[in-house]
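Q: Could you take me on a close look at the strands of this model, one small sheet to begin with, and then at what is packed around them? I would like one connected account rather than a list.

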Amino acid sequence: MKRTTVKRLMATAMATVMSATMAFSLTGCGGSKEKGTQGTSSENMPTLDQIKIGEDYTDLTASIKVLTNRTDIVDTVYKGYAEEFMKLYPNIKVEYEAVTDYEESLTLRLTTGDWGDLCFIPTGVDKSELGSYFTPLGDYKTLNEIYNFCSEKTYDGTVYGIANGGTANGVVYNKKVWKEAGITELPKTPDEFLDALQKIKDNTDAIPLYTNFSAGWPVGAWDAYIGIAATGNPNFMNHDIVHMKNPFAKQDDMTGPYAVYYTCYESVARKLVEEDPASSDWEASKGMMNNGEIGTMVLGSWAVQQCKDAGKNADDVGYMPFPITIDGKQYAGAGGNYSFGINNQASTDNQIAAMLYMKWLIEESTIYEDEGSIPALKSGELPAALADFEGVELLSDNPAVEGEETLFDDVNNESEVGINNDDYPNCYLIECALYGSKSLDDVINEWNQQWSDAQKTLGVEVDQ
């Protein structure tokens, strides 16, 4: 089955708005465009490490727009951040715009340049395309000493985005539900996890695993676990998987990507999920987790605080490692959330103002404490949400080797498997499990064939 990939969506949008883009190079959001070409004015821009908040650019006057996917707190918490920043820089006006269907909407808006000044970079933007839309923030070697997860938005030695904190990959769970189900130890393998879900179904009124299928993106979140959590190998995602033959195939020790997708598929096939996944509700699910109506949700640690804040039972919400063990040890991938990126089509003043606000957010605001995430600054403290990760090794993906910076994106897009940038494959997996239309092995064989075909098309050397 074919579908429109993010890259194709961007290409279509580019063709559709070509005339608008040409006109926009003269005028548009973010101030005057006397320097309105892609990446221009970077020679006049400071790097992120050079800026001193509260000391530099105190006379700068600008009005900037910040785009966010956080529709739930844009008018409260995020508005509060803007107000605090404007006390320090009263001549810089900060306004937020919350965007629903964030990935699709932003992917289209980026092609016009008419979107604002600061945003969360959509996951579908390939590394090779970062410089087409976003302002260089500094060189990787320098910024990587200061901030976590820099490699995620780096291309050719230049950093274009800084993560809005980070998460460890695991499973949100309700401690009270698990206790009532009679579960005394956290599971360490997919089958132990499935057994635990069955106990929740048999012994409580809670939904064992909530897929959030209708929202789409929470289903895509399962992809985050196929690397370090499933292999313990920080080279897997940016190197090994690109060169592997049949990377999704079943391993005898039930590790690797297959083990992750097995956990997802079997949860649905055994009816250990919500009765009608198509009618699931993301916003409501946070309160349902808080009050014990849900046993587990497979999401990054960023979701813990949101579930804690969604009701009166914050202490019941916990976070466990994903249930895969490699040679007697568990691992968890630690990666960045959405990364802040600055519009390189904005005026120089607006780009600087956006950089000031970005740096204030990631270094001086309470955003990481409020969201329970791993701070952007390497000197920051890990969140309390990771208390159950004692003995679990946290690792981040290593960057691609020189000369292969875009190879994963190339194979991923060509294959249309869509790891980490397309919700469709995992939604398809759940549909097959829900309706019994295809076995897990049938789906895995399809993905392996698509991956193999892409490797051949792109001339990738495959390890036999």
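A: Happily! A good place to begin is A168, which stands opposite A334 in β13. Please keep in mind throughout that this is a predicted model. The strand β8 covers residues 166–168, and three bridges join β8 to β13 (residues 331–336), the two strands running antiparallel.

Stepping back, these two strands belong to an open sheet of three, in the order β8-β13-β15, with mixed pairing. β8 and β15 (393–395) are the edge strands; each has a single partner, so one side of each is left without a neighbour in the sheet. On average, and ignoring direction, neighbouring strands here are turned by 25 degrees against each other.

Another strand worth following is β14, which spans residues 339–342. Both of its faces are covered: S339 and G341 on one side are buried, and so are F340 and I342 on the other. Two other strands pair with β14. With β3 (residues 118–120) the pairing is antiparallel over three bridges, and C119 stands opposite G341. With β7 (residues 162–163) the pairing is again antiparallel, over two bridges, and here I162 has F340 as its bridge partner.

C119 leads us to the cysteines. C119 is buried, at a relative accessible area of 1%, and C432 is buried too, at 2%. What about a bond for C432? The closest cysteine sulfur to that of C432 belongs to C264, and it is 11 Å away, too far for a bond. The disulfide count for the model comes to zero.

Now for the packing. The largest nonpolar core has 82 residues, and those with the most contacts inside it are V172, I241, F248, F322 and I419. Helix α12 (residues 256–269) gives the most to this core, contributing eight residues. A second, separate core of 55 residues includes W115, L143, Y147 and I342; I342 is one of the buried residues of β14 we have just met.

F322 deserves a look of its own. Leaving out residues up to four places away in sequence, F322 touches N169, G170, V171, W222, Y225, A229, V260, T263, V298 and Q330. Among these, V260 and T263 have numbers that fall in the range of α12, residues 256–269.

Two helix residues round off the tour. A353 lies in helix α15 (residues 348–363) and is buried, with a relative accessible area of 0%. Apart from residues up to four places away in sequence, A353 touches L60, A62, I64 and I92. A353 and K87 are 266 residues apart in sequence, and their C-alpha atoms are 14 Å apart in space.

S415, for its part, is found in helix α17 (residues 407–415). Is S415 buried or exposed? Its relative accessibility is 4%, so S415 counts as buried, the limit being under 20%. Setting aside neighbours within four places in sequence, S415 is in contact with Q450, W451 and A454.

Technical notes:
Residues are numbered from 1 along each chain as its sequence is written. This is a predicted model: local features need pLDDT of at least 70, side-chain atom pairs count only at pLDDT 80 or more; totals for chains, interfaces and linings use all residues. Side-chain values use heavy atoms; hydrogens and water are left out. A nonpolar core is a set of buried Ala, Val, Leu, Ile, Met, Phe, Trp, Tyr and Cys residues joined through side-chain atoms within 4.5 Å. Buried means under 20% relative accessible area, exposed over 50%, partly exposed in between (1.4 Å probe, protein chains only). Helices (H or I, at least four residues) and strands (E, at least two) are DSSP runs, numbered from the N terminus. Contact means heavy atoms within 4.5 Å. Two strands pair if DSSP finds at least two bridges between them. Axes are lines fitted to C-alpha atoms, for helices over the stretch in contact, and angles run from 0 to 180 degrees between N-to-C directions. A disulfide is a pair of cysteine sulfur atoms within 2.5 Å.
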